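Work through the exercises below with the sequence and the structure at hand. Try each task before reading its solution.

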Amino acid sequence: MSLMESGKVLPLTAVAWTSNTGCCPKDFTLISITVDGVAANFTRGFGMKSGYYLCYSKDLKGSVVVSDIQVISDKDSIPHGYSYIREFLDSKTTVSKKKRVIVRTSPVANVEMAVLDIKLTAKSKMLLQHYTYVGDINGYVLWCRKGPFSSPAPKAKPRSISLEIRSLSLEEPSAPALPLRSRDLPPIPQQSRLSNRRHSLNAGDVQNTCADSSLQAITALDGVPFSLHPDFDLQANGTALQLNSQLNIHIKSVRDIENEYNYTFTVEESAAKRIRPSVST
């Protein structure tokens, strides 16, 4: 009960009729005894000498589950979405059924509540806790339990590993990588026009830099010549004084700056001291 209440139980995937354990498939479980200890053989109402039992499966290979189960009369029409349960009987077995068991199956991904278990009782007055009454069949009572279920985790399929992948096994240490020599490096393309920054690079720095990083260091300004405007070129004009006269630059000394921006703050100081003005008599 604890497994069912926690939801960690597999749902039913199929329900069927079978004659005996020999006819019952390997992935099915035969219900041979009722909950109250009576043989669960349905032959007494059908005039048969061979057995006639209910069995169920919980094999999820088909990716479908039993979402509902009902018992209907042979004169009733089968509801939409339901189907008669399968039969695994002897080749010579013929059965006349007054009542039929039908089930509704749904894909595992489309349902959250499914039939988790079915049981049989011989006494109609007996009630099974946590089970739902389904119907009477030839003196037996069919019960089912519904609830949430947990699907097993899918197993990963083995993959074929090629010889090249096997050679990369981590168990075998790989040979240490040898340092690159100068002759192993690709030749550096020569550019007709280089900036001052790239022109100042040493030959050793160029050899120690990989080809990818050198390409990434090139910017849009590489190759563009840099020069000052003639008005600001000292060498072209001759002297710095001529430049200063053109720009009207006046260089001030420390004393000039103190005299120009000196402020005694006497007004603020007198206001802070609150000195009353003297009145002449």
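**Exercise 1.** In this predicted model, find the residue whose side chain is joined to that of W143 by a polar contact, and give the distance.

Solution. The partner is T121: its side chain and that of W143 make a polar contact of 2.9 Å.

**Exercise 2.** Place T121 in its strand, and decide whether T121 is buried or exposed.

Solution. Step one: T121 belongs to strand β8, which covers residues 113-121. Step two: the relative accessibility of T121 is 0%. Buried means under 20%, so T121 counts as buried.

**Exercise 3.** List what T121 touches beyond its neighbours within four places in sequence.

Solution. The contacts include T34, V35 and D36. M126 and L128 are also in contact with T121, and so are G139, Y140, V141 and W143.

**Exercise 4.** Work out the order of the strands in the open sheet that contains β4, and name its edge strands.

Solution. Step one: the open sheet has three strands in the order β4-β7-β5, with antiparallel pairing. Step two: β4 and β5 (83-84) each pair on one side only, which means that they are the edge strands.

**Exercise 5.** Describe how β4 is joined to β7, and how far β4 is covered.

Solution. Strand β4 (residues 64-73) runs antiparallel to β7 (residues 99-107), and nine bridges join them. Within this pair, V64 stands opposite P107 in β7. As for cover, seven of the 10 residues of β4 are buried, making the strand mostly covered.

Terms used. Residues are numbered from 1 along each chain as its sequence is written. This is a predicted model: local features need pLDDT of at least 70, side-chain atom pairs count only at pLDDT 80 or more; totals for chains, interfaces and linings use all residues. Side-chain values use heavy atoms; hydrogens and water are left out. Helices (H or I, at least four residues) and strands (E, at least two) are DSSP runs, numbered from the N terminus. Buried means under 20% relative accessible area, exposed over 50%, partly exposed in between (1.4 Å probe, protein chains only). A polar contact is a pair of N or O atoms within 3.5 Å; within protein, one must be able to donate a hydrogen and the other to accept it, and residues adjacent in sequence count only if both atoms are side-chain atoms. Contact means heavy atoms within 4.5 Å. Two strands pair if DSSP finds at least two bridges between them.
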